[in-house]
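Here are two short exercises on pockets and the residues that line them. Have the structure open as you work, and try each task before reading its solution.

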Amino acid sequence: MIARLFARRCLAGVVLGGAAFLAQAQEAVINAVHFTPAQNGYAKSFLKYVDLVNTRGKGVVRIQVRGGPEVMPVMQLGEAQKNGLIDMLDAPPGFYLNLIPEGEVFSATRKKPWELRENGGFALIDRIFGEKGNAKILAHVDAGTGFHVFTVDEPARTADGGVDWSKLKVRSAPLYRDFLDALGATPVVQPPGETYTSLERGLVNANAYTVLGYSSFGWDKFTKHRIDPSFLQADVLITMNKRKWDSLSPQAQKILQDTAIEYERASYDANLAGTKAEGEAMIGKGMKVVTLSGEARKRYEDAASRVTWERMNKRDPSNVPALKAKFD
(Lines give C-alpha, C1' and ligand atoms only; values in the text may rest on other atoms or scores of the structure.)
Protein backbone atom coordinates (compact mmCIF):
# COMPACT_ATOMS: atom_id res chain seq x y z
CA MET A 1 0.00 0.00 0.00
CA ILE A 2 2.72 2.41 1.03
CA ALA A 3 4.80 1.35 -1.96
CA ARG A 4 1.90 2.02 -4.37
CA LEU A 5 1.29 5.47 -2.81
CA PHE A 6 4.98 6.33 -3.11
CA ALA A 7 4.99 5.23 -6.74
CA ARG A 8 1.96 7.38 -7.55
CA ARG A 9 3.59 10.44 -5.97
CA CYS A 10 6.78 9.82 -7.88
CA LEU A 11 4.80 9.50 -11.12
CA ALA A 12 2.92 12.72 -10.35
CA GLY A 13 6.22 14.47 -9.73
CA VAL A 14 7.62 13.24 -13.01
CA VAL A 15 4.50 14.41 -14.88
CA LEU A 16 4.55 17.84 -13.24
CA GLY A 17 8.28 18.19 -13.75
CA GLY A 18 7.93 17.16 -17.37
CA ALA A 19 5.13 19.66 -17.91
CA ALA A 20 7.21 22.44 -16.39
CA PHE A 21 10.17 21.48 -18.57
CA LEU A 22 7.95 21.40 -21.66
CA ALA A 23 6.49 24.81 -20.87
CA GLN A 24 9.97 26.22 -20.41
CA ALA A 25 11.15 24.59 -23.62
CA GLN A 26 8.25 26.12 -25.55
CA GLU A 27 9.00 29.66 -24.35
CA ALA A 28 10.35 31.64 -27.31
CA VAL A 29 13.60 33.46 -26.52
CA ILE A 30 14.44 36.60 -28.49
CA ASN A 31 17.96 38.02 -28.39
CA ALA A 32 18.07 41.82 -28.52
CA VAL A 33 20.62 44.61 -28.89
CA HIS A 34 20.21 48.35 -28.19
CA PHE A 35 22.18 51.06 -29.94
CA THR A 36 23.40 53.10 -26.96
CA PRO A 37 25.30 52.18 -23.79
CA ALA A 38 23.12 50.89 -20.97
CA GLN A 39 23.37 54.13 -18.96
CA ASN A 40 21.88 56.17 -21.82
CA GLY A 41 18.22 57.23 -21.73
CA TYR A 42 17.34 55.40 -24.94
CA ALA A 43 18.67 52.09 -23.64
CA LYS A 44 16.85 52.60 -20.35
CA SER A 45 13.65 53.25 -22.27
CA PHE A 46 14.03 50.05 -24.29
CA LEU A 47 14.65 48.03 -21.14
CA LYS A 48 11.27 49.20 -19.81
CA TYR A 49 9.64 47.62 -22.86
CA VAL A 50 11.67 44.47 -22.30
CA ASP A 51 10.53 44.25 -18.69
CA LEU A 52 6.89 44.63 -19.72
CA VAL A 53 7.16 41.86 -22.30
CA ASN A 54 9.00 39.50 -19.98
CA THR A 55 6.40 40.00 -17.26
CA ARG A 56 3.42 39.54 -19.55
CA GLY A 57 4.98 36.83 -21.68
CA LYS A 58 6.21 34.52 -18.94
CA GLY A 59 6.22 30.98 -20.30
CA VAL A 60 5.38 32.23 -23.83
CA VAL A 61 8.04 34.70 -24.95
CA ARG A 62 11.09 36.29 -23.36
CA ILE A 63 13.49 38.98 -24.56
CA GLN A 64 17.11 38.35 -23.66
CA VAL A 65 19.13 41.56 -23.97
CA ARG A 66 22.70 40.98 -25.14
CA GLY A 67 23.84 44.56 -24.68
CA GLY A 68 24.62 47.69 -26.66
CA PRO A 69 27.40 48.92 -28.97
CA GLU A 70 29.95 46.85 -27.08
CA VAL A 71 28.19 43.79 -28.56
CA MET A 72 27.66 45.08 -32.09
CA PRO A 73 28.92 48.34 -33.71
CA VAL A 74 25.96 50.56 -34.56
CA MET A 75 26.81 50.75 -38.25
CA GLN A 76 26.47 46.94 -38.50
CA LEU A 77 23.12 46.60 -36.73
CA GLY A 78 20.90 46.62 -39.81
CA GLU A 79 22.85 43.92 -41.60
CA ALA A 80 23.08 41.83 -38.43
CA GLN A 81 19.32 41.86 -38.01
CA LYS A 82 18.68 41.20 -41.69
CA ASN A 83 20.94 38.14 -41.56
CA GLY A 84 19.41 36.83 -38.34
CA LEU A 85 22.38 37.46 -36.04
CA ILE A 86 20.11 39.72 -34.01
CA ASP A 87 16.43 38.92 -33.42
CA MET A 88 15.36 42.29 -32.04
CA LEU A 89 16.87 45.71 -32.48
CA ASP A 90 16.35 48.98 -30.63
CA ALA A 91 17.96 51.50 -32.98
CA PRO A 92 17.30 54.32 -35.45
CA PRO A 93 17.05 53.25 -39.10
CA GLY A 94 19.38 56.16 -39.80
CA PHE A 95 22.22 53.73 -39.11
CA TYR A 96 21.24 51.43 -41.99
CA LEU A 97 19.85 53.67 -44.71
CA ASN A 98 22.05 51.75 -47.14
CA LEU A 99 19.59 48.87 -46.69
CA ILE A 100 16.34 50.77 -46.29
CA PRO A 101 16.61 54.40 -47.45
CA GLU A 102 12.89 54.83 -46.76
CA GLY A 103 13.66 54.53 -43.05
CA GLU A 104 14.20 58.28 -43.10
CA VAL A 105 10.45 58.89 -43.12
CA PHE A 106 10.34 58.44 -39.36
CA SER A 107 12.60 61.45 -38.86
CA ALA A 108 11.10 63.53 -41.69
CA THR A 109 7.50 63.29 -40.50
CA ARG A 110 5.85 65.53 -37.94
CA LYS A 111 3.04 63.05 -37.42
CA LYS A 112 2.72 61.05 -34.23
CA PRO A 113 3.26 57.26 -34.41
CA TRP A 114 -0.38 56.46 -33.62
CA GLU A 115 -1.54 58.85 -36.35
CA LEU A 116 0.55 56.90 -38.85
CA ARG A 117 -0.99 53.64 -37.64
CA GLU A 118 -4.43 55.09 -38.26
CA ASN A 119 -3.75 56.47 -41.75
CA GLY A 120 -1.99 53.37 -43.08
CA GLY A 121 1.50 54.86 -43.11
CA PHE A 122 2.82 52.36 -40.59
CA ALA A 123 1.58 49.38 -42.58
CA LEU A 124 3.21 50.80 -45.70
CA ILE A 125 6.64 51.33 -44.18
CA ASP A 126 6.45 47.97 -42.38
CA ARG A 127 6.00 46.27 -45.75
CA ILE A 128 9.04 48.10 -47.13
CA PHE A 129 11.16 47.10 -44.12
CA GLY A 130 10.12 43.49 -44.66
CA GLU A 131 11.07 43.52 -48.34
CA LYS A 132 14.39 45.35 -48.02
CA GLY A 133 15.63 44.61 -44.52
CA ASN A 134 13.94 41.32 -43.60
CA ALA A 135 12.54 43.29 -40.66
CA LYS A 136 9.25 43.69 -38.85
CA ILE A 137 8.58 47.09 -37.22
CA LEU A 138 6.99 46.79 -33.80
CA ALA A 139 7.08 50.43 -32.71
CA HIS A 140 8.46 53.91 -33.22
CA VAL A 141 9.50 54.72 -29.66
CA ASP A 142 10.91 57.81 -27.91
CA ALA A 143 9.44 60.05 -30.61
CA GLY A 144 8.21 63.64 -30.35
CA THR A 145 11.51 65.51 -30.07
CA GLY A 146 14.26 66.25 -32.54
CA PHE A 147 17.99 66.84 -32.87
CA HIS A 148 20.06 69.89 -31.98
CA VAL A 149 23.49 71.12 -32.94
CA PHE A 150 25.69 71.66 -29.87
CA THR A 151 28.82 73.78 -30.26
CA VAL A 152 32.04 74.13 -28.29
CA ASP A 153 32.26 77.92 -28.73
CA GLU A 154 29.45 80.42 -29.18
CA PRO A 155 28.62 80.24 -32.89
CA ALA A 156 29.09 83.30 -35.06
CA ARG A 157 25.74 84.86 -35.99
CA THR A 158 24.55 86.21 -39.34
CA ALA A 159 22.54 89.38 -39.99
CA ASP A 160 19.38 87.43 -40.90
CA GLY A 161 19.13 85.73 -37.51
CA GLY A 162 21.08 82.60 -38.39
CA VAL A 163 24.44 81.02 -37.67
CA ASP A 164 27.60 80.99 -39.78
CA TRP A 165 27.58 77.24 -40.40
CA SER A 166 30.77 77.36 -42.46
CA LYS A 167 32.76 77.65 -39.24
CA LEU A 168 31.33 74.44 -37.76
CA LYS A 169 32.79 70.95 -38.12
CA VAL A 170 29.93 68.83 -36.79
CA ARG A 171 29.99 65.23 -35.60
CA SER A 172 27.09 63.74 -37.53
CA ALA A 173 25.09 60.58 -38.02
CA PRO A 174 24.34 59.40 -41.59
CA LEU A 175 20.73 60.51 -41.09
CA TYR A 176 21.45 64.24 -41.02
CA ARG A 177 24.77 64.44 -42.85
CA ASP A 178 23.20 65.90 -46.01
CA PHE A 179 21.16 68.42 -44.02
CA LEU A 180 24.26 69.75 -42.26
CA ASP A 181 26.08 69.84 -45.59
CA ALA A 182 23.20 71.84 -47.12
CA LEU A 183 23.51 74.39 -44.32
CA GLY A 184 27.18 74.91 -45.17
CA ALA A 185 28.62 73.06 -42.18
CA THR A 186 31.24 70.30 -42.45
CA PRO A 187 29.68 67.03 -41.25
CA VAL A 188 31.93 64.29 -39.87
CA VAL A 189 30.06 60.98 -39.68
CA GLN A 190 30.98 59.03 -36.54
CA PRO A 191 29.22 56.61 -34.21
CA PRO A 192 28.39 58.11 -30.79
CA GLY A 193 31.13 56.07 -29.12
CA GLU A 194 33.85 58.02 -30.96
CA THR A 195 32.45 61.48 -30.32
CA TYR A 196 33.96 62.16 -26.88
CA THR A 197 37.48 61.67 -28.19
CA SER A 198 36.80 63.82 -31.26
CA LEU A 199 35.55 66.68 -29.10
CA GLU A 200 38.39 66.25 -26.62
CA ARG A 201 41.03 66.40 -29.36
CA GLY A 202 39.37 69.23 -31.26
CA LEU A 203 38.73 67.12 -34.35
CA VAL A 204 35.21 68.55 -34.36
CA ASN A 205 33.88 71.73 -32.76
CA ALA A 206 30.20 70.76 -32.76
CA ASN A 207 27.98 67.73 -32.31
CA ALA A 208 24.45 66.88 -33.46
CA TYR A 209 22.29 64.73 -31.20
CA THR A 210 19.10 64.80 -29.16
CA VAL A 211 18.92 66.51 -25.78
CA LEU A 212 17.78 63.25 -24.19
CA GLY A 213 20.81 61.11 -23.46
CA TYR A 214 23.31 63.83 -24.37
CA SER A 215 24.88 64.30 -20.97
CA SER A 216 25.17 60.54 -20.35
CA PHE A 217 27.99 60.49 -22.92
CA GLY A 218 29.80 63.35 -21.15
CA TRP A 219 29.71 65.51 -24.27
CA ASP A 220 28.42 68.55 -22.37
CA LYS A 221 31.90 68.83 -20.84
CA PHE A 222 33.01 70.27 -24.20
CA THR A 223 29.92 71.68 -25.92
CA LYS A 224 28.58 74.69 -24.05
CA HIS A 225 26.05 76.03 -26.57
CA ARG A 226 22.86 74.51 -28.01
CA ILE A 227 21.29 75.78 -31.20
CA ASP A 228 17.48 75.97 -31.21
CA PRO A 229 15.09 74.96 -32.66
CA SER A 230 15.51 71.22 -33.10
CA PHE A 231 15.43 69.59 -36.53
CA LEU A 232 13.81 66.37 -37.74
CA GLN A 233 12.38 63.86 -35.21
CA ALA A 234 14.09 61.16 -33.18
CA ASP A 235 13.63 57.92 -35.13
CA VAL A 236 14.28 55.06 -32.71
CA LEU A 237 12.50 51.86 -33.75
CA ILE A 238 11.95 48.50 -32.12
CA THR A 239 12.24 45.99 -34.97
CA MET A 240 12.58 42.24 -35.36
CA ASN A 241 14.12 39.89 -37.85
CA LYS A 242 11.11 38.96 -39.96
CA ARG A 243 11.89 35.25 -40.14
CA LYS A 244 12.14 35.14 -36.35
CA TRP A 245 8.87 37.05 -36.06
CA ASP A 246 7.09 34.69 -38.45
CA SER A 247 8.33 31.70 -36.44
CA LEU A 248 6.64 32.90 -33.24
CA SER A 249 3.27 31.66 -32.04
CA PRO A 250 0.27 34.00 -32.49
CA GLN A 251 0.20 34.41 -28.71
CA ALA A 252 3.85 35.50 -28.57
CA GLN A 253 3.34 37.90 -31.48
CA LYS A 254 0.33 39.45 -29.78
CA ILE A 255 2.22 40.03 -26.53
CA LEU A 256 5.14 41.64 -28.34
CA GLN A 257 3.01 43.81 -30.63
CA ASP A 258 0.35 44.90 -28.14
CA THR A 259 3.01 45.84 -25.61
CA ALA A 260 4.99 47.72 -28.28
CA ILE A 261 1.99 49.81 -29.32
CA GLU A 262 1.19 50.58 -25.70
CA TYR A 263 4.80 51.50 -24.95
CA GLU A 264 5.08 53.57 -28.13
CA ARG A 265 2.66 56.14 -26.70
CA ALA A 266 4.04 55.95 -23.14
CA SER A 267 7.61 56.49 -24.36
CA TYR A 268 6.47 59.51 -26.42
CA ASP A 269 5.26 61.25 -23.27
CA ALA A 270 8.31 60.13 -21.30
CA ASN A 271 10.64 61.42 -24.02
CA LEU A 272 9.09 64.88 -23.91
CA ALA A 273 9.41 65.00 -20.14
CA GLY A 274 12.96 63.60 -20.14
CA THR A 275 14.09 66.01 -22.84
CA LYS A 276 12.74 68.97 -20.90
CA ALA A 277 14.37 67.83 -17.66
CA GLU A 278 17.77 67.04 -19.18
CA GLY A 279 17.77 70.26 -21.21
CA GLU A 280 17.07 72.32 -18.10
CA ALA A 281 19.74 70.44 -16.18
CA MET A 282 22.39 71.24 -18.80
CA ILE A 283 21.33 74.88 -18.86
CA GLY A 284 21.59 74.88 -15.08
CA LYS A 285 25.21 73.74 -15.44
CA GLY A 286 26.02 76.63 -17.76
CA MET A 287 24.93 75.62 -21.27
CA LYS A 288 23.73 78.60 -23.33
CA VAL A 289 20.89 78.42 -25.86
CA VAL A 290 21.38 80.11 -29.23
CA THR A 291 18.03 80.63 -30.95
CA LEU A 292 17.67 81.07 -34.70
CA SER A 293 15.19 83.70 -35.81
CA GLY A 294 13.58 85.33 -38.81
CA GLU A 295 14.14 84.05 -42.32
CA ALA A 296 17.17 82.01 -41.24
CA ARG A 297 15.02 79.99 -38.86
CA LYS A 298 12.44 79.25 -41.55
CA ARG A 299 15.13 78.10 -44.01
CA TYR A 300 16.66 75.91 -41.33
CA GLU A 301 13.39 74.17 -40.43
CA ASP A 302 12.31 73.73 -44.05
CA ALA A 303 15.68 72.38 -45.18
CA ALA A 304 15.70 69.39 -42.84
CA SER A 305 12.55 67.81 -44.25
CA ARG A 306 13.26 68.89 -47.84
CA VAL A 307 16.77 67.40 -47.91
CA THR A 308 15.49 64.16 -46.38
CA TRP A 309 12.81 63.65 -49.02
CA GLU A 310 15.23 64.60 -51.80
CA ARG A 311 17.72 62.00 -50.61
CA MET A 312 15.05 59.29 -50.42
CA ASN A 313 13.92 60.15 -53.93
CA LYS A 314 17.50 60.03 -55.22
CA ARG A 315 18.21 56.63 -53.67
CA ASP A 316 14.96 54.90 -54.56
CA PRO A 317 11.99 56.92 -55.85
CA SER A 318 9.64 53.93 -56.17
CA ASN A 319 7.98 54.35 -52.75
CA VAL A 320 8.35 58.10 -52.24
CA PRO A 321 4.93 59.26 -53.58
CA ALA A 322 3.06 56.75 -51.44
CA LEU A 323 5.15 57.60 -48.38
CA LYS A 324 4.70 61.36 -48.83
CA ALA A 325 0.94 60.87 -48.96
CA LYS A 326 1.02 59.27 -45.50
CA PHE A 327 4.00 60.82 -43.70
CA ASP A 328 4.36 64.36 -45.05
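**Exercise 1.** In this predicted model, find how many residues line the second largest pocket and which of them lie nearest its centre.

*Solution.*
- Step 1: Start from the middle of the second largest pocket, where W165, L183, A296, R299 and Y300 are the nearest of its 13 lining residues.
- Step 2: Now look at the helices around it: α7 (177–183) and α11 each contribute at least two lining residues.
- Step 3: Weigh the contributions, and α11 comes out with the largest share, five residues.
- Step 4: Sort the lining by character, which gives eight nonpolar, two polar and three charged residues.
- Step 5: Finish with the volume, about 210 Å³ for this second largest pocket.

**Exercise 2.** Now turn to the largest pocket: work out how much space lies in it, and which element gives the most to its lining.

*Solution.*
- Step 1: The space in the largest pocket comes to about 300 Å³.
- Step 2: Its lining is made of 16 residues, with R110, S230, F231, L232 and Q233 the closest to the centre.
- Step 3: Trace the elements next: at least two lining residues come from each of α4 (105–108), β9 (225–231) and α11 (294–315).
- Step 4: The top contributor to the lining of the largest pocket is α11, with four residues.
- Step 5: By character, the lining of the largest pocket splits into six nonpolar, eight polar and two charged residues.

**Putting it together.** Which helix gives the most to the lining of the largest pocket and also the largest share to that of the second largest? The helix is α11, with four residues in the largest pocket and five in the second largest.

Technical notes: Residues are numbered from 1 along each chain as its sequence is written. This is a predicted model: local features need pLDDT of at least 70, side-chain atom pairs count only at pLDDT 80 or more; totals for chains, interfaces and linings use all residues. Side-chain values use heavy atoms; hydrogens and water are left out. On a 1 Å grid over the protein atoms alone, a cavity is a set of points where a 1.4 Å probe fits but cannot get out, and a pocket is an open set with protein on both sides within 12 Å along at least five of seven lines; lining residues have an atom within 4 Å of a point. Grid points are joined across faces, edges and corners, and a volume is the space filled by probe spheres set on the points. Ala, Val, Leu, Ile, Met, Phe, Trp, Tyr, Cys and Pro count as nonpolar, Asp, Glu, Lys and Arg as charged, and the others, Gly among them, as polar.
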